[in-house]
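Biologist: Could you take me on a close look at a single part of this chain and explain how it fits in with what surrounds it? I'm new to this, so please go slowly.

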Amino acid sequence: MTAATLARVPRRALPLLVAVAAAATLAATAAADGDPASDILLTQNYYLPYPEPPKESTAPLKESVAAAFAKGYRVKVAVIATKTDLGTIPELFNKPTQYAKFLGSEIKMLYVGPLLIVMPEGFGIWDGGRTTTAEERVLDSLSVKDGSPGGLAAAADEAVRKLTSTGALKSKDVLGPTLFPRTTLVVPGKPVKLTYAILEDSERSRETVTVYAGGKVLAKLRSPLGQALYGKAHTVTWKAPKKLPRAALRYCVRAFDAAGNRSRTACVPLGKKVG
Amino acid sequence: MVRRMRAVVTGLAAVALAAPPYPPTPIGRGPRFHPPPAPESVLRGEPVGDLRCAGARPRFGVHVEVFARGLVVVVPSGIGVARPFVRTGAFVRPRGCTYALRTRAPTGVVEVARSARLTLGDLFDVWGQPLSRTRLAGFRTTQARPVRAYVAGRLWRGELRAIPLTRHAQVVLELGAYIRPHPRFLFPRGL
């Protein structure tokens, strides 16, 4: 907009224009982390309000989420009971659809799949910008009757059960696993436990571990497709040769999820125990 | 022209109202964005400077956010927690001693012992991650574009490691792209 154009703007419209421009600038520059659910949902599939509701009201939700994964679906659920559950963005309280999109954008580098939000106001669903018509149809038939933490957990449980039973959670897995290998010491002639953690939204992966001495491959170990939970470290055992090569040792891990998505290769050095 | 301007103003207003108040910042992918919670010495409960691993004590909350290259670096659960502990999903439940600074969830909420006078430097020491003008956890920068800190939304002009961890402090650390810092955080009751 040029100065000449601005000069022709009716005087009454100017304050509004300025306000809108300020709001747009603020929205463009402001940013956020600080909502607890985004961090929690990276490594588990449900976020429960703080303080956590009694076990009897949360256990069914945990079971229904686990059942969805057992059937090959993926879903993450955030139960938001109060503004405190939103940390630095309390203004999104009772805006489940907006928060679903917001949260989905925060975790999009590690999870793209159905993301269900339950607030006293109702449900929100987001799937990385892909269509959610099937999920919405199911959620439209449900309502949140009880806005207490336990009531919200029960509503979330009912929603996940219905979404699973109707097949509405069908969603293409497009992200590969992320790997966190740990360094360790190699003792000549002894078995070495090569340990790594896997962050994979489908919770299933297979891995290839390659041990190198400089550029030379010393061993290649493969693990079959199995459960991959971030909290449970994976270990493969490599028997080190009696005489270790002079070149620096390292091992690299590559993982593949059930949908065929690959991780980046992650490598760490291996120490040599002398004497 | 007036009609066109009205349409523009209405359109902009609609966009501004529909957009969330704060655009989200994605959490980074890869080990540097998910640093481990504790070095081996902390897991063994060894002293870190003047800080000792001890039993239960009353605590208050401090919220710390870390951003590098425009993405979130996760402040993990288990900072300041020695073995033994139980990991349940994203949470860590201590079964032994803990330090005057600890995290039990990966939400950036640091639980600080009420009797202690601690700083951000203490937190990074217990975490086992570097913090200086040119280093922030696994990331490096230059003196020309140093690490920035914001306390309650305001730029901190002093030494980064000296930032006091007072009750309900909201601390944001940034390396690289500017991310508008939040001035406050809603702490759960009891912290």
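**A close look at helix α5**

Modeller: Let's start right inside helix α5 of chain A, where P96(A), Y99(A), A100(A), K101(A), F102(A), L103(A), G104(A) and E106(A) are buried. Keep in mind that this is a predicted model. That list covers 8 of the 11 residues of α5(A), so the helix is largely enclosed by the rest of the structure. What does the covering? Among the elements over the buried residues of α5(A) are α3 (36-43), β2, β3 and β4 (122-126) of chain A.

Two of those neighbours, β2(A) and β3(A), also join up with the helix along the chain: β2(A), helix α5 (residues 96-106) and β3(A) make a right-handed β-α-β unit. The two strands of that unit are partners as well, since β2(A) and β3(A) (residues 115-119) run parallel and are joined by 4 bridges. If you want to find one of these pairings on screen, look for K76(A), whose bridge partner in β3(A) is L115(A). As a bit of background, strands of a sheet pair through backbone hydrogen bonds, either parallel or antiparallel.

Now stay on β2(A) for a moment. From this strand (residues 76-79), K76(A) and A78(A) point one way, while V77(A) and V79(A) point the other way, and all of them are buried. β2(A) also pairs with strand β1 (residues 46-47) of chain A, in the parallel sense, over 2 bridges. Here Y46(A) has V77(A) of β2(A) as its bridge partner. To get from β1(A) to β2(A), the chain crosses through helix α4 (residues 55-70), and this β-α-β crossover is left-handed. So, which hand does the unit with α5(A) have? That one, made of β2(A), α5(A) and β3(A), is right-handed.

V77(A) and V79(A) lead us to the next part of the picture, the largest nonpolar core. This core has 117 residues, and V77(A), V79(A), L116(A), I117(A), V118(A), A156(A) and V160(A) touch the most other members. Helix α7 (residues 149-165) of chain A gives the most to the core, with 8 residues. Domain 1 (33-165) and domain 2 (178-272) of chain A both give residues to it, so the core lies between them. A general point helps here: in soluble globular proteins, nonpolar side chains tend to be buried together.

Try clicking on V160(A) to see some of this for yourself. Leaving aside its neighbours within four places in sequence, V160(A) is in contact with L61(A), S64(A), V65(A), A68(A), V75(A), V77(A) and L116(A).

Finally, let's zoom out to the two domains. The C-alpha centres of domain 1 and domain 2 of chain A lie 34 Å apart. Their contact takes 7 residues from domain 1 and 7 residues from domain 2. On the domain 1 side, those residues are 4 nonpolar, 2 polar and 1 charged.

Further along the chain there is an open sheet of 5 strands with mixed pairing, in the order β6-β12-β11-β8-β9 (chain A). At its edges stand β6 (185-186) and β9 (216-227), each with a single partner strand, so one side of each is left without a neighbour in the sheet. Within this sheet, β11 (residues 249-257) and β12 (residues 266-272) of chain A run antiparallel and are joined by 5 bridges. L249(A) stands opposite L270(A) in β12(A).

How values were computed:
Residues are numbered from 1 along each chain as its sequence is written. Chains are lettered from A and ligands numbered from 1 in the order in which they are written. This is a predicted model: local features need pLDDT of at least 70, side-chain atom pairs count only at pLDDT 80 or more; totals for chains, interfaces and linings use all residues. A nonpolar core is a set of buried Ala, Val, Leu, Ile, Met, Phe, Trp, Tyr and Cys residues joined through C-beta atoms within 7 Å. A residue is buried if 20 or more other C-beta atoms lie within 10 Å of its own, exposed if 12 or fewer, and partly exposed in between; C-beta atoms are placed from the backbone. Domain bounds come from an automatic or database domain assignment. Two residues are in contact if their C-beta atoms, placed from the backbone, lie within 7 Å. Ala, Val, Leu, Ile, Met, Phe, Trp, Tyr, Cys and Pro count as nonpolar, Asp, Glu, Lys and Arg as charged, and the others, Gly among them, as polar. Two strands pair if DSSP finds at least two bridges between them. A crossover is right-handed if, with the strands pointing away from the viewer, the path from the first strand over the helix to the second runs clockwise.
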